[in-house]
Amino acid sequence: MAEMFYEKFQALVPRYLDDAWTPDEGLSAEDLAGMLSDSELPDASGLPLVLEEFYRALGRCEELMEAYHFFFDPDELVTEEGHLLFLEDEEERFAWGVDVADLRVPDPLIRRRKNATHEWSSEGATVSEFIFDLLEFSFEDSEA
């Protein structure tokens with residue numbers, strides 16, 4: 001399948017970190033596959049294309065992976081309550097994920113879980129839209 005998001009994720013490094021993107025920012029396809037095999041995901045799950053390309057472009061870039069929120073490392077991905085969880089806020093009040101029924105969708109809708117009550121709600125955005133908006137919000141103060 002053709003890359004849809006990889007270059008857009010690469011472009012986040014110069015945009016927010018004022019540095020050129022290098023391959024060291026991301027995970028190789030082999031490293032990603034190895035980390036996924038160490039996760040709790042069922043073997044057949046796979047990742048939506050958007051998350052695969054996110055990790056390949058930025059999986060080792062701590063400045064973006066841990067900016068007021070925490071993207072799970074690929075070997076930390078889990079499925080809970082019918083969702084693949086991949087992101088949590090710094091206070092651990094919310095987690096974000098994708099419905100496991102949508103894992104084959106290249107850029108599925110993202111859902112948010114309130115951890116205290118385990119209530120799920122739609123964010124009204126795809127994973128890529130949410131990631132780009134989240135990082136823009138996280139870095140907007142530093143750009144002022």
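What pattern does the chain follow when it is read along the sequence? The answer is α-α-α-α-α-β-β-β-β-β-β-α. In other words, the chain has six helices and six strands. Keep in mind as you look around that this is a predicted model.

Let's begin with the whole chain before we zoom in. A compact globule of 144 residues would have a radius of gyration near 15 Å, and the chain has 14 Å, so the two agree. If you draw a box along the principal axes, the C-alpha atoms fill roughly 40 × 35 × 25 Å. Of the 144 residues, 46% count as buried. Now think about who touches whom: among contacts with a separation of 6 or more, 53% are between residues 24 or more positions apart.

The outside deserves a look too. The accessible surface of the chain comes to about 7800 Å², and carbon and sulfur atoms account for 47% of that surface. The chain carries 10 positive and 37 negative charges, and the mean positions of these two groups are 6 Å apart.

Now let's walk into the strands, with S3 as our starting point. Strand S3 covers residues 83–89. Is S3 enclosed or open? Seven of its seven residues are buried, so S3 is largely enclosed by the rest of the structure.

Who are the partners of S3? Strand S1, residues 69–71, is joined to S3 by three bridges, and the two run antiparallel. Here you can find Phe 70 standing opposite Glu 88 of S3. Strand S2 is also antiparallel to S3, again with three bridges. In this pair, Glu 80 has His 83 of S3 as its bridge partner. The hairpin of S2 and S3 has two residues between the strands, and Glu 81 takes a positive phi near 55 degrees there.

Strand S2 itself spans residues 78–80, and Val 78 lies in it. Is Val 78 buried or exposed? Buried means under 20% relative accessible area. Val 78 has a relative accessible area of 13%, so it is buried. What does Val 78 touch, once its neighbours within four places in sequence are left aside? Its contacts are Glu 40, Leu 41, His 83, Leu 84 and Leu 85. Take Glu 40 from that list: Glu 40 and Val 78 are 38 residues apart along the chain, yet their C-alpha atoms are separated by 5.4 Å.

From S3 we can step onward to strand S4, residues 94–99, which is mostly covered, with five of its six residues buried. Five bridges join S3 to S4, and these strands run antiparallel. Two of the pairings are easy to look up: Leu 84 stands opposite Val 98 in S4, and Glu 88 stands opposite Ala 95 in S4. Glu 88 is a residue we have already met, as it also stands opposite Phe 70. The hairpin of S3 and S4 has four residues between the strands, and in it Glu 92 takes a positive phi near 60 degrees.

One more step takes us to strand S5, residues 109–114, which pairs with S4 in the antiparallel sense over four bridges. Ala 95 helps us make the link: its bridge partner in S5 is Arg 113, while Glu 88 stands opposite Ala 95 from the S3 side. As you trace these strands, remember a general rule: in a regular strand the side chains alternate between the two faces of the sheet.

Notes: Residues numbered from 1 in each chain as written. Predicted model: local features only at pLDDT ≥ 70, side-chain atom pairs only at ≥ 80, totals over all residues. Heavy atoms only, no water. Rg over C-alpha atoms; globule rule 2.2 N^0.38 Å. Buried < 20%, exposed > 50% of the residue type's maximum accessible area, 1.4 Å probe, protein only. Contact = heavy atoms within 4.5 Å. Areas by Shrake-Rupley, 256 points an atom, 1.4 Å probe, with all protein chains shown as cover. Lys, Arg positive; Asp, Glu negative; His and termini not counted. Charge placed at Lys NZ, Arg CZ, Asp CG, Glu CD. Pairing = 2+ DSSP bridges.
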